[in-house]
Amino acid sequence: MLIRTVTRTVIIATLILSFLYLMPAAVSAGGVGVAPSTINIKDALPGGTYQQTITVFNNDTSDGYFNLTATGESAAWVSFYDFNDQTTEIEKLLVPGSGTAPALVKFTIPPDAPPDRTYTCTLYIKSTPPSEEELEEPVGSTVTFQVPVTVTIEVTATTKLEGRVTRITVKGT
């Protein structure tokens with residue numbers, strides 16, 4: 001009985017090891033960082049457009065694409081643009097290996113946005129796994145990384161004007 005149990009265990013172990021040997025073992029991984037980690041827009045007016053530059057850091061040694069998305073109550077106000085062509089809207093950004101790349105984020109406040117409120121959303125910068133064509137060898141699994149940027153937009157109905165008075169003239173009556 002003992003020999004039969006040992007034999008069965010050896011056979012099962014051999015089958016498991018054979019199966020593991022046939023599976024691809026490579027893993028694709030990388031890393032991402034972003035600056036700034038928070039964006040605060042104060043005194044935003046309904047109907048106004050505000051801009052902020054973010055910098056995406058690629059911690060992997062290979063070039064990589066990073067998806068740019070927004071979620072939350074004011075996510076529909078967010079658009080991402082190519083930093084070098086600020087008329088081209090983008091959904092992903094190519095960042096060189098061990099390098100950085102800027103992206104322009106535009107916040108367009110709807111004209112009917114109720115004032116005297118604070119709106120929030122979160123931007124997400126997420127690494128994307130390489131496509132099958134980009135890989136030199138098969139990959140069994142991939143890992144993606146995602147980092148958030150917290151956004152706060154304070155919408156006001158008050159326009160703040162700043163300036164300097166250099167002259168006042170009063171006519172006598």
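## A mostly stranded chain in a predicted model

Val170 lies in the segment that follows strand S12 (146-155). At 71% relative accessibility, Val170 counts as exposed, because exposed means over 50% relative accessible area, buried under 20%, and partly exposed in between (1.4 Å probe, protein chains only).

This is a predicted model, where local features need pLDDT of at least 70, side-chain atom pairs count only at pLDDT 80 or more, and totals for chains, interfaces and linings use all residues. Residues are numbered from 1 along each chain as its sequence is written, and side-chain values use heavy atoms, with hydrogens and water left out.

**The patch around Val170.** Val165, Ile168 and Val170 make up a nonpolar surface patch. Together they offer about 370 Å² of accessible area. Areas come from the Shrake-Rupley method with a 1.4 Å probe; for residues, only the protein chains shown count as cover. Patch members have over 30% relative accessible area and no salt bridge; like charges are joined within 9 Å, and nonpolar side chains (Val, Leu, Ile, Met, Phe, Trp, Tyr) within 5 Å. A salt bridge is a side-chain nitrogen of Lys or Arg within 4 Å of a carboxyl oxygen of Asp or Glu.

**The whole chain.** The chain has one helix and twelve strands. From the N terminus on, the helix comes ahead of the strands. These elements are DSSP runs, numbered from the N terminus: helices are H or I with at least four residues, strands E with at least two. Of the 173 residues, 27% are buried. The accessible surface is about 11,900 Å², and carbon and sulfur atoms hold 55% of it. Contacts (heavy atoms within 4.5 Å) between residues at least 6 apart in sequence join residues at least 24 apart in 79% of cases.

**The five-stranded sheet.** Five strands form an open sheet in the order S3-S12-S10-S5-S8, with mixed pairing. Its edges are S3 (38-44) and S8 (92-95), each pairing on one side only. Neighbouring strands are turned by 20 degrees against each other on average, direction ignored. Two strands pair if DSSP finds at least two bridges between them. Strand S5 (residues 64-71) takes part in both pairs below.

| Pair | Sense | Bridges | Opposite residues |
|---|---|---|---|
| S5 and S10 | antiparallel | six bridges | Thr71 and Thr122 |
| S5 and S8 | antiparallel | four bridges | Gly64 and Val95 |

Edge strand S8 has two faces. Leu93 and Val95 sit on the covered face, Lys92 and Leu94 on the uncovered one.

Notes
Axes fitted to C-alpha atoms, helices over the stretch in contact; angles between N-to-C directions.
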